[in-house]
Amino acid sequence: MRASNSKSARRSTSNTTRHCEGGGTGMNMIIVTTLVAVILMWFGNYNAMQSIDYLSRPNQDVFQNANRQEITIEESNIRQQSSAAKSNAGESQFIFMAVEEFNTADHKDVIKEPPMHTRIIEHLSSASQEPKSPYAYAWVIGGIHEDRPAYKGFLWTILISVNTLVKIGSTADFWVYIRLSPDSKLDDLAPEDRRLMEALDIHIVVLDKPQVESFAQLVYDKFLTINMTDYKRVMFLDGDMIPMTNLDYYFHLSDPDSTDAPTELKSNFIMATKAEPCNTGMFMVAPSKEAFDDYIGILRKQIELAKTLPYPHFHKRQGWGHNFKKAGDNWRALQTKESRWTWHASHSDQGLMYQFAKYTRQDVSIAIGDVVENWTAGDEDMPILESSILGILSKYQGDLLRYQYSCNKPEEESKEPEKSWRCTPPYDSTAHFFGNRKPWQNKFNPKSDYTEWSYRRMAALSLWHKELEELNTRLDMGLDLNNWNEKYEDQLKDVPLGVMAMPGNQIDALKLALLNSLK
């Protein structure tokens with residue numbers, strides 16, 4: 001199944017039996033040799049299992065659960081192969097040489113096969129990876145390290161999101177792409193993390209460790225969703241976001257074959273905010289080989305352009321390929337419009353997605369407040385506005401689990417009328433805990449702090465803790481939630497890779513994104 005930039009493969013073994021014409025003596029020797037080999041293999045794998053089990057244990061007592069640190073012999077062998085396969089080459093030299101090759105050769109000849117350990121670990125992510133649905137949700141987690149548990153907040157949020165979606169009727173599949181930190185001693189998720197995800201039938205794709213990690217590099221992993229070609233639609237959600245309703249209706253509204261709703265949306269869906277024409281906390285794509293090739297083409301052109309530009313290696317007129325001034329158009333958000341690539345993360349994933357969906361694929365629905373603009377291909381390689389529909393998402397969205405930003409109150413009674421634009425889908429479809437107000441980074445007392453108060457994200461934050469409590473009991477997670485502030489606040493307050501893509505990391509992040517996409 002092509003759910004990532006690496007191919008999955010089942011690890012298989014075969015026994016070869018020689019035909020001996022020498023009679024019983026030869027056969028006896030084969031039997032004895034085989035028995036000795038089996039004993040030696042068992043002993044070696046047992047030692048490997050013990051060694052990796054030891055490395056898999058987090059140093060923090062609050063996350064240990066000795067009863068669950070089990071590991072199969074097959075996984076031990078895989079991880080041994082992974083360790084042996086690590087390269088000592090410097091990141092910058094490797095990237096430079098590889099990108100120079102890309103300029104003169106077809107990418108299929110540069111990287112023909114992903115590393116064996118990547119393909120094997122991907123297969124182990126699920127007992128069955130055959131899609132159960134034409135639709136899927138996907139997430140990305142980076143900065144995973146056995147001694148730095150701050151990533152756990154994102155992992156728990158994904159568990160909460162999946163569990164919530166299933167409870168309220170989603171029939172889609174669920175995928176998570178993970179990257180461990182370069183200095184992690186692990187080559188796979190810790191066994192307990194994997195157990196929790198697999199208990200909710202989440203497919204896990206272990207991507208290669210970056211030799212240098214950054215937020216700027218991680219956000220490009222979102223675009224691997226474009227290569228999940230076993231699915232008709234894939235929705236990406238940030239790891240600090242939880243659903244407030246069943247989001248499957250976005251799939252149905254964009255799929256001509258769906259009988260659950262009329263086709264009102266294009267194949268790709270993005271949303272604008274107050275000052276951004278595209279926010280990639282939530283988006284939907286129609287995966288295909290052609291679409292992924294288009295994405296790769298954008299990356300390659302951007303790398304060539306970035307190499308000619310001074311810091312921060314981004315041209316505010318040329319952007320990701322579309323020059324608004326020359327084309328005579330502009331980008332539009334809820335409260336502004338502009339003709340330069342100057343919005344937040346326009347140099348990064350939010351600019352790339354806008355270029356990809358609107359100007360390269362020219363097949364996208366853009367939510368701007370309560371209006372959905374449908375764009376399609378026009379003449380002279382420019383998209384044209386096919387339709388603009390008011391309130392179409394509100395018509396099909398189901399009930400909300402919680403209200404946010406006082407959206408359950410009349411505007412004249414609201415304490416935050418400036419947030420009223422968040423009171424329609426897609427903005428109220430999820431709760432996005434951006435910045436430093438993530439549920440796991442702040443104090444919470446389960447005995448007194450549960451609330452459905454709709455001011456800001458208070459009710460949604462409380463719901464996060466409520467859902468974690470349910471999962472803690474159901475999955476036997478072993479968390480001491482009654483002592484949250486003492487046990488977890490300090491350990492989880494950091495954000496492993498920061499909260500934004502820094503321009504200084506941009507050119508290396510682009511090159512890594514291209515390399516990862518070509519595997």
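This passage describes the nonpolar cores and the cysteines of a predicted model.

In the predicted structure, the largest nonpolar core comprises 67 residues, and the residues with the most contacts inside this core are Tyr137, Trp156, Leu159, Tyr250, Leu393 and Trp484. Among the secondary-structure elements, helix 6, which spans residues 152-167, gives the most to this core, contributing 8 residues. The surroundings of Leu393 illustrate the packing: when residues up to four places away in sequence are not counted, Leu393 touches Tyr249, Tyr250, Leu253, Leu265 and Phe269, together with Ala367, Val372, Pro425 and Pro426. A second core, separate from the one just described, holds 53 residues, including Val205, Ala272, Trp331 and Ala509. In soluble globular proteins, nonpolar side chains tend to be buried together.

With regard to the cysteines, a search of the whole structure finds 1 disulfide, which is formed by Cys407 and Cys423, with their sulfur atoms 1.9 Å apart. The torsion about the S-S bond of this pair, Cys407 and Cys423, is about -80°, and the disulfide is therefore left-handed. Both cysteines lie in the loop between helix 13 (392-396) and strand 13 (430-432), so the bond between Cys407 and Cys423 ties together parts that are 16 residues apart in sequence. Cys423 has a relative accessible area of 25% and is therefore partly exposed, whereas Cys278, with a relative accessible area of 0%, is buried because its value falls under the 20% limit.

Note on methods:
Residues are numbered from 1 along each chain as its sequence is written. This is a predicted model: local features need pLDDT of at least 70, side-chain atom pairs count only at pLDDT 80 or more; totals for chains, interfaces and linings use all residues. Side-chain values use heavy atoms; hydrogens and water are left out. A nonpolar core is a set of buried Ala, Val, Leu, Ile, Met, Phe, Trp, Tyr and Cys residues joined through side-chain atoms within 4.5 Å. Buried means under 20% relative accessible area, exposed over 50%, partly exposed in between (1.4 Å probe, protein chains only). Helices (H or I, at least four residues) and strands (E, at least two) are DSSP runs, numbered from the N terminus. Contact means heavy atoms within 4.5 Å. A disulfide is a pair of cysteine sulfur atoms within 2.5 Å.
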